[in-house]
Amino acid sequence: MLPTIPEIPLHPRAACTLLRSLSPSHLRQAQQLHSHTTISGDSLRYPLLVNHLISFYSRSGHPFLSSLVFSSALTKTHISYTSLASAFASNGLPHLSLSLFRTIHSLRLPLDDRALPIFAKACASAADARLGRCVHSLACRTGFSSNVFVGSSLVDMYAKSGHLFDARRLFDEMPVRNVVSWGGLIHGYSLSGETEMGLCLFREAVRDRDVGVNDFTLSCIVQMCGVDTLLELGAQTHALCLKTGFGSSSFVGSSLVSLYSRCGSVEDARRVFAGIGFKNLGAWNSMMVAFAVHGRTESAFWLFRLMGEAGVRPNFITFLSLLSACSHAGLVEEGKRYFAMMGDHGIEPGHQHYACMVDLLSRAGRLSEAVEFIINMPIEPPESAWGALLTGCRIHKDIKTAAFVAERLLALNSHASGLHMLLTNAYAAAGMYEEAAKARKAMRDRGVKKETGLSWIEFDSRVHTFVSGDRSHPLSGEIYQKLDELGEELERLGYVADTSVVLRDLGGEEKRRVAAHHSERLAVAFGLISFPADRPIRVMKNIRVCGDCHTVFKFMSRCTGRTIILRDNNRFHHFVGGSCSCGDYW
DNA sequence: CTAGGGTTAG
């Protein structure tokens, strides 16, 4: 039910009460009320009404309307200034907020315990720790530093700007801390990748009855588990979310969806998504991403329709996921359609969208079209776009285009290791080993290092990491033995090793040995000997999965009856009963 | 009337 605004003149106080009761989506009603009060002159004269209008427009995400009210008002109090500063700070305009603070300062208006947190927030959002320190010392001078709101906002400011040491010191000095102060510090450790420290604090907060955790803390921890693909710990945290009643929060839910998706379980992701009470944009997007990386293209399209029906407007992430879903399935026309649709939604394509389009076209073998697309891009083509083009060159053995990119790379003087490796691979795939060797040499000459291939697997709350030919694992003996046994069985089933994936100049037998001991194979073998028979083997890899390993896993899933889920730098591969979910299109 | 933290991508 939408509240209707009466046509009769409203007393300013009544207008304030009404504004307070409006939800952020009632923009139209607020504007109607605003125009009434402008005609009567009330909104110019009554600071109370001015302030209410400023904060309503801020809440509904329209800081410039707040600013309009502010500048037309004849009477302003320090609260009007603070409210507008808050509108800017909460709507991604920290610099406007900060300049307003300079005005407040020069007008000698009070900077109290309400204004300081906004000030700190603006510094955090602008990642300006230097100015943040000034806020801190101002808070100390004015005696507000012991205020829990002021303190928490400063902890957050230091944490966000990467000054974890200062965040911790301030946190330790705070006389009173609450769930927000704890959450801010935990978030800081999460941002700096200090998972252990973050988890430590989290456990302490859970144990402390006076502190406790809330949806913010939980979503933060789940996110950490997701980033580190810690499925076991993440699932335990999920249980805690349910126990504490935060299981259906959209923030916690989005993080959980992302956790399960990153850990390879799109089914669990879907279950969590279904249970989210009010699904906000983040929730829809996290599910969209999950469908995209798992190659559930139809589900992604379906979700997009559902989202529209729910009245949620897609943003650039939504479209990025849709485009990558199209790319994984080779659906060029659909991809073009979604790309064009962005304009209808008023979304400017970013460099990622352009790169995704190049990826879509070139994987599908439309390399000349991809080149044309790159050349006509309204922005400087990002490195990822060149990379996508090279991937297409490798798949479709297109030497001409590869040479074209090589020239551009030279001009760009790129040091991205990935690009050089892609070029090498593109030549090697077409059997041009001399060109491949040259590309490798060019890469070495520029001091570009190849990224080491790593594969990891979680077992018993520990992450086991492998590199190619690794013998450092305690179960190394068993792992290699398992691979030998399986190798023989696979050959009986018709598997023939494809050593073209090994680019080094080695003898045939030697090449076979190298490919057979790639990091992903060691990790999968470890899973095979350690996991119970019904548990899927989930392996993560930082670079692209090797073609021969991909074939091997298909055979392995058939002869062992196990499900193998492998995530590489681009997507997930689900190997079941002899085939892969990517349909060998990757 | 004005106050602190976030989800989704890379």
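The following exercises, each with a worked solution, concern a predicted model of one protein chain.

**Exercise 1. Describe chain A as a whole: which secondary structure elements does the chain hold, and how many of each kind?**

Step 1. Counting the elements of chain A gives 31 helices and six strands.

Step 2. For the dimensions, take the C-alpha trace, which spans about 85 × 55 × 50 Å along its principal axes.

Step 3. For the burial of the chain, note that chain A has 586 residues and that buried residues make up 51% of them.

Step 4. For the confidence of the prediction, chain A has a mean pLDDT of 88, with 96% of its residues at 70 or more. Among the elements of the chain, the highest mean pLDDT, 95, belongs to helix 6 (residues 78-90), and the lowest, 73, to helix 29 (residues 508-516).

**Exercise 2. Decide whether Leu154 is buried or exposed, and find how far its C-alpha atom is from that of Arg133.**

Step 1. Locate Leu154, which lies in helix 10 (residues 148-160).

Step 2. A residue counts as buried when its relative accessible area is under 20%. Leu154 has a relative accessibility of 1%, and therefore it counts as buried.

Step 3. Leu154 and Arg133 are 21 residues apart along the chain, and their C-alpha atoms are separated by 8.7 Å.

**Exercise 3. Examine the backbone of Ala127 and Asp460: where does each residue lie, and what is the sign of phi in each?**

Step 1. Begin with the general expectation, which is that most residues other than glycine have a negative phi.

Step 2. In Ala127, phi is near 50°, which is a positive value in a residue other than glycine. Ala127 is placed in the loop between helix 8 (115-125) and helix 9 (129-141).

Step 3. In Asp460, phi is again positive, at about 55°, although this residue is not a glycine. Asp460 is placed in the loop between strand 1 (454-459) and strand 2 (462-467).

Step 4. To judge the exposure of each residue, use the rule that exposed means over 50% relative accessible area. Ala127 has 52% and is therefore exposed, and Asp460, with 59%, is therefore exposed as well.

**Exercise 4. Work through some of the salt bridges: how many does a search of the whole structure find, and which parts of the chain do the chosen pairs link?**

Step 1. Recall that side chains of opposite charge can pair when their charged atoms come close. A search of the whole structure finds 15 salt bridges.

Step 2. One of them joins the side chains of Glu267 and Arg296, with a distance of 3.3 Å from N to O. Glu267 is in helix 17 (residues 266-275), while Arg296 is in the loop between helix 18 (281-293) and helix 19 (297-309), so that the pair, 29 residues apart, links distant parts of the chain. Glu267 is partly exposed at 34% relative accessible area, and Arg296 is partly exposed at 28%.

Step 3. Asp268 and Arg271 form a salt bridge with an N to O distance of 2.7 Å. Both residues lie in helix 17, three residues apart, which is about one turn of the helix. Asp268 counts as partly exposed at 24% relative accessibility, whereas Arg271, at 56%, counts as exposed.

Step 4. Glu369 and Lys336 form a salt bridge in which the closest N and O atoms are 2.8 Å apart. Glu369 lies in helix 23 (residues 367-375) and Lys336 in helix 21 (residues 332-344), so the pair ties together parts that are 33 residues apart in sequence. Through salt bridges that share partners, Glu333, Lys336, Arg366 and Glu369 are joined into one network.

**Exercise 5. Turn to the surface: which residues gather in a patch of negative charge, and which make a nonpolar patch?**

Step 1. The patch of negative charge on the surface is formed by Asp484, Glu485, Glu488 and Glu489. Glu488 is found in helix 28 (residues 476-492), and its relative accessibility of 52% is why it counts as exposed.

Step 2. Val289, Phe316 and Ile317 make a nonpolar surface patch of about 220 Å². Val289 is found in helix 18 and is partly exposed, with a relative accessible area of 32%.

Key
Residues are numbered from 1 along each chain as its sequence is written. Chains are lettered from A and ligands numbered from 1 in the order in which they are written. This is a predicted model: local features need pLDDT of at least 70, side-chain atom pairs count only at pLDDT 80 or more; totals for chains, interfaces and linings use all residues. Side-chain values use heavy atoms; hydrogens and water are left out. Patches are made of residues with over 30% relative accessible area and no salt bridge: like charges are joined within 9 Å, nonpolar side chains (Val, Leu, Ile, Met, Phe, Trp, Tyr) within 5 Å. Accessible areas come from the Shrake-Rupley method with a 1.4 Å probe; for residues, only the protein chains shown count as cover. A salt bridge is a side-chain nitrogen of Lys or Arg within 4 Å of a carboxyl oxygen of Asp or Glu. Lys and Arg count as positive and Asp and Glu as negative; His and the chain ends are not counted. The place of a charge is taken as NZ of Lys, CZ of Arg, CG of Asp or CD of Glu. Helices (H or I, at least four residues) and strands (E, at least two) are DSSP runs, numbered from the N terminus. Buried means under 20% relative accessible area, exposed over 50%, partly exposed in between (1.4 Å probe, protein chains only). pLDDT is the predictor's confidence in each residue, from 0 to 100.
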